[in-house]
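Colleague: I would like a close look at one part of this model, the largest cavity. Please keep the terms plain.

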Amino acid sequence: MDATTYRDYSRARLGFFFGLTGWQLATVTLGLLPALREVSLGRWAPAGALLAAWALMALLVVTPVRGRSSAGWLLAAAAHAVGTATGWSRFTAEAARGAAGPAATPDLPGVLAGTRVHEAPPAGPSGRRVALIQHHATRTWAVTAAVVHPGIGLSEPAQRDLYGVGLTALLDAARATELVDEIQLMVRTVPEDGAERDGWTARHRSSAAPPAARRVNDELQAALSAAAVRTESFVTVLVPEARLGKAAREAGGGLEGRAQVLLGVLAEVETHLRGGLGMTDVAWLTSPELAVVCRTAFAPGDRAGIIDALRTEDSGESAQVPWALAGPSGADSAVRHYSHDAWNSITATLLLPVRGALMGSLAPVLVPGAGERRSILVAYPITAARAANRQTASSEWSADMADGLRSRARMRQSARSAHDTARVRNLDGKLARGHALVRAYALVCVTAPKSARITEHGRRLDASIRAAGFAPLRMDLSQDAAFAAATIPLGVSLTRGRV
């Protein structure tokens, strides 16, 4: 298999009894016992009622509907209804209520509510103070870097193979640190606003230039800006507090100890980013830079004004975006989209195709339409070595049990089931060779002004995902958390719940 085609993946769990997982089989079996008891006693009317209730319960537990079980949909719908009725899903910034808090304290909605941003001690020749992102709800720490990559559109197959090997080496090295829990790659694309070009023109244009030359330059700038697309790329490293705490105590404890450990991990990650992955620039963001990135995630149209303010020579710190104003003034989560300030967003996850995913196939997804912003997150949660071995052994046992049951029942195994079983059995050898076990997932988000029909932009997003060879799955009833993960590089992970 060449490194440019990724097809070595399988389902996270294999059902060992006709496709049922352990908890599904136990629930269905235990739910049938009361009906069987009534049958043994000859009480046919209660037995019939219990059998009907058991059939309904089994249907809710077993039948998957758009990625979730029916029971999962009912619980999610009930939670969303309660949140809407009580107003919990609606966010209003403290500044919008006239009660703004400290400027350095983030005022963010939803899953970002418990986020705090600290500044690491000065490091490097320039004394750069890297922003350390702390999530109290999930007990994790994250650090984000703005990266620049030349792209793979014109790369030869051999170069793409090297990039694939470089990504594998990065994930294996992250697992070897025994600290990194997840690595996230995010790309945001939006039609060019020309803010940097306007600033360059204002600084370099001569008052003695011929009017015809100035007019031609302005017309070229307007035409090229309308056709250009601006891209922002970020890499986020997540470290759980449970792993960081012990190492931090050995480094002196407190925030400085954690910063020292995290900076050491970042140096190792940056080596792989610049080496095997071919990043031409890696800049770990400071707190003011991260606040601008967060603000432009909620309001893409604010970027031009922020750039204009920052390029003013005498603006100083007054032009920076304080964390108290980095979030939206108001936000509301609907069933199928997320509303924030003057914008609406729809987020979908990608289902990996059976034939494999070709490196670079997501390019059509990142092409924004008129007036919209596209963002994609590819996350690589890394399973600890002991947990990976345990999960692999459990999956192999499930595969063996399923084969034995099919053999006794003389049932034919489907080609897809045989394919998944073979991949699970090959996984143990790869773990023995030192590779990391990763449960990758991807999110794609489209953001458009409220004056446009967000349903139409969502339909175009689904069409571009299918054109790339993937299947879209809307993140219904959880659009707020999906938006935060897909567009804001603060380390929001969909694999970790609140603790």
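Which element gives the most to the lining of the largest cavity?

Modeller: Strand E8 gives the most to that lining, with 3 residues. This is a predicted model, in which local features need pLDDT of at least 70 and side-chain atom pairs count only at pLDDT 80 or more, while totals for chains, interfaces and linings use all residues. Residues are numbered from 1 along each chain as its sequence is written, and side-chain values use heavy atoms, with hydrogens and water left out.

Rolling a probe the size of a water molecule over the atoms shows where empty space is left. A cavity here is a set of points, on a 1 Å grid over the protein atoms alone, where a 1.4 Å probe fits but cannot get out; lining residues have an atom within 4 Å of a point. Points are joined across faces, edges and corners, and a volume is the space filled by probe spheres set on them.

The count is 4 cavities of 30 Å³ or more, and the largest has a volume of about 70 Å³. Its lining consists of Arg 188, Thr 189, Val 190, Arg 230, Glu 232, Thr 296, Pro 300, Arg 303 and Arg 373. At least two lining residues come from each of strand E8 (182–191) and strand E9 (229–240); strands are DSSP runs (E, at least two residues), numbered from the N terminus.

By type, the lining has 5 charged, 2 polar and 2 nonpolar residues. Charged means Asp, Glu, Lys and Arg; nonpolar means Ala, Val, Leu, Ile, Met, Phe, Trp, Tyr, Cys and Pro; the others, Gly among them, are polar.

Notes
1 Å grid on protein atoms, 1.4 Å probe; cavity = no way out; pocket = protein on both sides within 12 Å on 5 of 7 lines; lining within 4 Å. Helix = DSSP H or I, 4+ residues; strand = E, 2+ residues; numbered from the N terminus.
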